[in-house]
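Work through the exercises below with the model open. Try each task before reading its solution.

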2 protein chains.
Amino acid sequence: MVVTVVGLGLIGGSLALDLRANGFANSLIGVDQSAQHCQQALDRNLVDKVLPLEQACWESDIILLAIPVGAIVDVLPQVLTRISKQCVVMDMGSTKEEISRLLKGHSRRGRCVLAHPMAGTEYSGPMAAVKNLFQGNAAIICDKEASDPDALKLAERLFKSLFMHLIYMDAASHDIHAAYVSHISHISSFVLSLTVLEKEKSESTIFNLASGGFASTVRLAKSSPKMWRDVYQQNSSNILDVLDEYIEKITLFRELIASGDFDGTQSLMKEANEIRRILDGEEADLPISSSPTTKQQTLISNR
Amino acid sequence: MVVTVVGLGLIGGSLALDLRANGFANSLIGVDQSAQHCQQALDRNLVDKVLPLEQACWESDIILLAIPVGAIVDVLPQVLTRISKQCVVMDMGSTKEEISRLLKGHSRRGRCVLAHPMAGTEYSGPMAAVKNLFQGNAAIICDKEASDPDALKLAERLFKSLFMHLIYMDAASHDIHAAYVSHISHISSFVLSLTVLEKEKSESTIFNLASGGFASTVRLAKSSPKMWRDVYQQNSSNILDVLDEYIEKITLFRELIASGDFDGTQSLMKEANEIRRILDGEEADLPISSSPTTKQQTLISNR
């Protein structure tokens with residue numbers, strides 16, 4: 001199978017690494033606007049060769065678009081007009097409604113599978129590509145009925161080869177859920193960074209006091225501004241909705257502290273602890289303590 | 001050296017584990033209000049025996065208070081009146097100004113070292129204790145001139161035996177910096193959890209979409225409400241100060257999205273990226289990509 005990866009960054013590069021290692025790809029073609037990224041991808045053997053987009057389209061069995069969502073809406077329609085009849089195109093973007101709307105009624109819509117593998121790190125570029133980035137995570141496929149059955153099957157086979165589990169939803173639902181769970185995390189992390197940079201003028205103090213807590217909460221603030229700019233643009237109404245909720249909650253938290261109602265803050269934090277049960281499968285309201293599971297112990301030790 | 005650990009939780013239990021392993025402690029005594037915690041600490045061999053506080057005071061060379069800061073202000077003065085002349089008492093709390101004020105002029109103030117080891121996880125209780133929790137992190141010692149030279153030296157030796165690096169500041173400065181870097185992280189994480197629990201009613205969707213980003217940003221929301229309640233109470237004015245800054249920044253972020261100024265969000269995120277340079281020692285404004293260092297690659301692989 002000849003696989004073309006458009007966008008040789010964290011996601012594209014990591015896809016290339018795993019799809020070569022697991023045998024899904026016999027041959028990998030890279031496409032990237034940046035000559036430096038192309039060279040790095042070749043140096044790291046992420047791809048076998050680099051081609052212009054048009055030529056890559058002719059030669060590919062499957063084309064993976066791992067570029068910012070603002071670029072996907074430009075590139076995907078171009079790609080669809082240039083591929084062979086059997087070729088499948090998948091996008092890997094973090095928003096889906098706009099691209100879904102754009103493709104509606106397109107004569108070659110069936111060749112396209114709209115996907116969102118839930119994986120990433122705060123780093124970007126070909127040097128950030130890592131093995132097993134996707135393993136054990138969810139891959140969302142949107143509007144699956146709009147894809148040709150063989151195209152859908154190939155996309156599913158690709159994600160399964162990465163040991164991802166599949167989830168299906170329509171594009172509009174995807175964008176709502178992504179805003180609620182993923183996009184707001186990035187904003188709260190960016191804002192935490194801005195706040196700490198504004199208030200704490202001593203860089204060495206930030207470094208020294210960071211320890212594990214601040215470092216993990218602020219981690220996403222290292223993410224690519226260009227990539228996230230496009231996500232906010234394409235998903236602004238859902239993001240505003242969840243942002244309003246966030247601002248309401250943090251204002252309530254502030255009011256409780258300002259009025260000296262620390263029991264009130266304790267109740268709120270107890271509610272927040274509920275996330276433990278959902279993410280770790282643990283009881284959140286143990287009266288005295290919460291113990292990590294063996295798996296968490298390992299994660300803690302590796303931190 | 002006979003070491004008593006008061007509070008057999010995450011911090012106390014982890015101290016016990018390392019101080020036994022590195023030979024600093026020949027004998028470890030545990031004190032805890034919870035019979036269950038005492039039993040778990042004995043079962044895990046964190047301590048050799050469990051005693052009531054008063055008796056432990058008589059037998060100890062050094063006493064470590066690893067209890068919520070609201071309890072420290074009650075327990076520390078009691079302990080000071082009960083120890084032998086040579087005994088040293090250290091508190092491990094996350095706030096320092098109130099305890100510092102309380103001890104001012106105390107006849108035995110010199111036996112006491114006010115400390116804050118910057119380490120932790122989101123778990124609590126004796127079962128959460130892990131080895132090497134402190135290694136490589138900063139230990140803050142406050143108002144060192146108020147401690148007797150031999151007491152200070154012993155405290156320093158203890159932290160160095162854990163491979164921590166020492167930082168000295170006055171108690172008031174500690175509380176400002178801790179609010180700016182550590183306490184706000186916890187609040188933003190608690191609020192993120194509350195927001196997602198409110199908006200996203202499907203637990204399986206939260207679980208599936210969580211991936212690395214949400215999970216790390218919301219991690220601190222699993223922390224102990226009782227412990228953090230006390231921190232907010234003792235450090236409320238500094239926390240309100242940084243919370244106001246946070247609310248101002250997130251409101252600005254919201255306004256930029258609402259008004260369609262996505263270039264504005266991109267500039268803000270670029271500013272936020274600066275945290276990368278401080279925490280990772282990397283350039284934040286590389287035009288195209290940011291690559292993880294070898295150490296970060298390892299961390300990513302372990303995630």
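The exercises that follow concern a predicted model.

**Exercise 1. The sheet of chain B**

Task: Find the order of the 8 strands in the open sheet of chain B, then name the edge strands.

Solution.
- Step 1. Trace the pairings across the sheet. The order is β3-β2-β1-β4-β5-β6-β7-β8 in chain B, and the pairing is mixed.
- Step 2. Look for strands that pair on one side only. These are β3 (49-50) and β8 (165-169) of chain B.
- Step 3. Check one pairing inside the sheet. Strand β1 (residues 2-6) and strand β4 (residues 62-65) of chain B run parallel, joined by 4 bridges. Within this pair, B:Val6 sits opposite B:Leu65.
- Step 4. Add the helices. Helix α1 (residues 10-21) of chain B packs on the sheet and touches β1, β2 (27-31) and β4 of chain B. Its direction makes about 165° with that of β1(B). Helix α7 (residues 171-199) of chain B also packs on the sheet, touching β6 (112-117), β7 (138-142) and β8 of chain B. The angle between the directions of α7(B) and β8(B) is about 115°.

**Exercise 2. Helix α1 of chain B**

Task: Decide whether the span of α1(B) agrees with what its 12 residues should give, and find what covers the helix.

Solution.
- Step 1. Compare the spans. At 1.5 Å a residue, α1(B) should span 16 Å; the end C-alpha atoms are 17 Å apart, which agrees.
- Step 2. Count the burial. In α1(B), 10 of 12 residues are buried, so the helix is mostly covered. Among them are B:Leu10, B:Ile11, B:Leu15 and B:Leu19.
- Step 3. Identify the cover. It includes β1, β2, β4 and α6 (149-161) of chain B.
- Step 4. Look past the end of the helix. B:Gly23 follows α1(B) and has a positive phi, near 85°.

**Exercise 3. A bent helix in chain A**

Task: Where does α4(A) bend, and which of its residues are buried?

Solution.
- Step 1. Take the length. Helix α4 (residues 69-82) of chain A has 14 residues and reaches 20 Å from its first C-alpha to its last, close to the 20 Å expected.
- Step 2. Locate the bend. α4(A) bends by about 30° at A:Val75. A proline, A:Pro77, follows within four residues.
- Step 3. List the buried residues. They are A:Val69, A:Ile72, A:Val73, A:Val75, A:Leu76, A:Val79 and A:Leu80.
- Step 4. Consider the spacing. An α-helix has 3.6 residues a turn, so residues three or four places apart point the same way.
- Step 5. Find the partners. The buried residues of α4(A) pack against α3 (53-59), β4 (62-65), β5 (88-91), α5 (97-103), β6 (112-117) and α9 (225-234) of chain A.

**Exercise 4. Two positive phi values**

Task: Are A:Asn45 and A:Asp143 buried, partly exposed or exposed?

Solution.
- Step 1. Recall the background. Most residues other than glycine have a negative phi.
- Step 2. Take A:Asn45. Its phi is near 60°, a positive value. A:Asn45 lies in the loop between α2 (35-43) and β3 (49-50) of chain A. With a relative accessible area of 46%, A:Asn45 is partly exposed.
- Step 3. Take A:Asp143. Its phi is near 50°, also positive. A:Asp143 lies in the loop between β7 (138-142) and α6 (149-161) of chain A. Its relative accessibility is 11%, under the 20% cut-off, so A:Asp143 counts as buried.

**Exercise 5. A residue inside chain B**

Task: Describe the surroundings of B:Val113.

Solution.
- Step 1. Place B:Val113. This residue is in strand β6 of chain B.
- Step 2. Check its accessibility. B:Val113 is buried, with a relative accessible area of 0%.
- Step 3. Find its contacts. Beyond four places in sequence, B:Val113 touches residues including B:Val89, B:Ile141, B:Ala151 and B:Leu152.

**Exercise 6. The interface**

Task: How many residues does each chain give to the contact, and what area is buried?

Solution.
- Step 1. Count the residues. Chain B gives 111 residues and chain A gives 111 residues.
- Step 2. Take the area. About 10,500 Å² is buried between the chains, with carbon and sulfur atoms giving 68%.
- Step 3. Find the main losers of area in chain B. B:Tyr123, B:Lys199 and B:Leu209 lose the most to chain A, together 7% of what that side buries.

Key
Residues numbered from 1 in each chain as written. Chains lettered and ligands numbered in written order. Predicted model: local features only at pLDDT ≥ 70, side-chain atom pairs only at ≥ 80, totals over all residues. Heavy atoms only, no water. Pairing = 2+ DSSP bridges. Helix = DSSP H or I, 4+ residues; strand = E, 2+ residues; numbered from the N terminus. Contact = heavy atoms within 4.5 Å. Axes fitted to C-alpha atoms, helices over the stretch in contact; angles between N-to-C directions. Expected span 1.5 Å × (residues − 1). Bend = angle between axes of the 7 residues up to and from the residue. Buried < 20%, exposed > 50% of the residue type's maximum accessible area, 1.4 Å probe, protein only. Buried area = accessible area lost by both parts, 1.4 Å probe.
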